[in-house]
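Ready for a bit of practice at reading a protein model? Have a look at the structure, then work through the exercises one step at a time.

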Amino acid sequence: MPQCDLAVTRHRIVDNAGYFPAGRDPRTVGDDLLYDRLLQEFPSWLSSARTAQVLQ
């Protein structure tokens, strides 16, 4: 799966704007796949947020 970095992330303490390609018609992405893709980066975000003391 291609990775895309958004330019605005350099202004954030911890990036919270993940991106994944959903194709030409995102409505065709099944719920299970959509949920998996949305949560794929959560563990690394959680670790980064704790390191940056955004969360305890």
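## Exercise 1: the aromatic pair

Searching the whole structure turns up 1 aromatic pair. Your task: find which residues form the aromatic pair and say how their rings are arranged.

Before you start, note that this is a predicted model: local features need pLDDT of at least 70, side-chain atom pairs count only at pLDDT 80 or more, and totals for chains, interfaces and linings use all residues. Residues are numbered from 1 along each chain as its sequence is written, and side-chain values use heavy atoms, with hydrogens and water left out.

Step 1. Recall the rule: rings of Phe, Tyr and Trp (its six-membered ring) pair if their centres lie within 6.5 Å; planes under 30 degrees apart count as stacked, over 60 as edge-to-face and the rest as tilted.

Step 2. The partners are Phe42 and Trp45, with 5.9 Å from centre to centre and 25° between the planes, and the pair is stacked.

Step 3. Now place them: both Phe42 and Trp45 sit in helix H2, 3 residues apart, about one turn of the helix. Helices (H or I, at least four residues) are DSSP runs, numbered from the N terminus.

Step 4. Check the exposure of each ring's residue. Buried means under 20% relative accessible area, exposed over 50%, and partly exposed in between (1.4 Å probe, protein chains only). Phe42 has 42%, so it is partly exposed; Trp45 has 25%, so it counts as partly exposed.

## Exercise 2: the salt bridge

Your task: work out which side chains meet in a salt bridge.

Step 1. Look for a side-chain nitrogen of Lys or Arg within 4 Å of a carboxyl oxygen of Asp or Glu.

Step 2. The whole structure gives 1 hit: Asp25 with Arg27, at 3.0 Å from N to O.

Step 3. Compare their surroundings. Asp25 is partly exposed because its relative accessible area is 29%, while Arg27 is exposed because its value is 75%.

## Exercise 3: an unusual phi

Your task: say what stands out about the phi of Gln53.

Step 1. Start with the usual case: most residues other than glycine have a negative phi.

Step 2. Gln53 is not a glycine, yet its phi is positive, at about 60°.

Step 3. Locate Gln53: you'll find it in the segment after helix H2 (42–51). With 70% relative accessibility, Gln53 counts as exposed.

Terms used: Helices (H or I, at least four residues) and strands (E, at least two) are DSSP runs, numbered from the N terminus.
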